[in-house]
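I sat down with this one today and kept short notes as I went. Here is what I looked up, in the order I looked.

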Amino acid sequence: MNLVGHTDTKGQIAIAMKAAKKRNMAMPHMLFSGLAGCGKTSMAQEIALISKCNFLSVISTNIRTHEDIIHLIEKMNHCNYNEQGDRIGTIYPTILFLDEVHQMPSLGQEILGLVMERFILDTGQPNKFYWAPYFTVIGATTDDGKLNKPFRERFKLRFIFEQYSLNEILKIVEMYSKKLNMVITNNSAIAIAKRSKGIPRIAVGYVERMRDFLLATDKKLANSTLTEVLFKKLKIDEEGLTVTERKLLKVLYDAKTPIGIDNLAMILNESPKNLVGAIEPFLMQKGFITRNNKGRSITKIGSNYIKHIDNSVEKEKSEITMDYIRK
């Protein structure tokens, strides 16, 4: 596979892929869990491409009834089956990709789960069954704990998609810059990689912003100076923290005592769901905050970081003032 990172995962999938091809069967159903933007969708698309299978992406919340499953079956690859559903040649099982699969209604999980195991849909009506061509469900989720246990157990292969290492993100920055025909220095690429939080989607977004910045300023080379200017405009600090993340730390620092998620959401004008799913994880991984039954608290590391930011701001203000006095 050409994807960067996830070496162990790619190795296990490669084995499953080869075995399925020799057996003329579908690969086992797979569950990809982890932070958003860490390559789950890209991995599923790569699997479909390499195995020469159709890629069918479906909104998980739309799978509720038997009729919804029937519509899915109709879209799958039915080549090289007879009318009874027996294989009569080489098959190419459809890759059914379900993003945020934990959001699928319980009834949908129950119905689809049985089809995943038997490849037959029992409509609940007397003598009314639908056979399904072999397929592989790849479910992507940021919270696999919300899946019903029976449905979760249908996924025989389960992989956790963690954040990428700095070197892996740097490679992605360099590859994507080349794809955009953008000339970038090594120091500039490193600066972008360091602020990407180990998430390819963020890294790619920053490279695109850098490309736009170069075009807008009629520059040909992305160097470290221009990169620093860009991130100041985007208000992204050296650790990759956004304005909201820094504000969250400052609120907790000033509070001195834990703050509940609902109160924190109101203060920051953010939804609790976004705070828990998109903002808090990185701050917790950095050791900046902790959470318990009483709420969220800033750590010593987080407090030191806020002090560092405040000192940097004061220093910058002082330098600006001195420049004005000299003039």
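**Entry 1: a strand pair.** How many bridges join strand β1 to strand β6? I found four, between β1 at residues 30-34 and β6 at residues 135-141, and the two strands run parallel. I keep in mind that this is a predicted model. I also looked up phenylalanine 32, and its bridge partner in β6 is alanine 140.

**Entry 2: the sheet around the pair.** I followed the neighbours outward and got an open sheet of five strands, in the order β2-β3-β6-β1-β7, with parallel pairing. β2 (55-59) and β7 (157-161) are at the edges with a single partner strand each, so one side of each has no neighbour in the sheet. From one strand to the next, the twist averages 20 degrees.

**Entry 3: a helix on the sheet.** Which strands does helix α2 touch? My list for α2 (residues 40-50), which packs on the sheet, reads β1, β2, β3 (94-99), β6 and β7. The direction of α2 makes about 155 degrees with that of β1.

**Entry 4: the whole chain.** I then stepped back and noted 13 helices and 11 strands in the protein chain. Its C-alpha trace spans about 90 × 50 × 30 Å along the principal axes. Of the 327 residues, 43% count as buried. Among contacts with a separation of 6 or more, 68% come from residues 24 or more positions apart.

**Entry 5: surface and charge.** I noted an accessible surface of about 18500 Å², with 52% of it belonging to carbon and sulfur atoms. The chain has 47 positive and 35 negative charges, and their mean positions are 3 Å apart.

Conventions:
Residues numbered from 1 in each chain as written. Predicted model: local features only at pLDDT ≥ 70, side-chain atom pairs only at ≥ 80, totals over all residues. Heavy atoms only, no water. Pairing = 2+ DSSP bridges. Axes fitted to C-alpha atoms, helices over the stretch in contact; angles between N-to-C directions. Contact = heavy atoms within 4.5 Å. Buried < 20%, exposed > 50% of the residue type's maximum accessible area, 1.4 Å probe, protein only. Areas by Shrake-Rupley, 256 points an atom, 1.4 Å probe, with all protein chains shown as cover. Lys, Arg positive; Asp, Glu negative; His and termini not counted. Charge placed at Lys NZ, Arg CZ, Asp CG, Glu CD.
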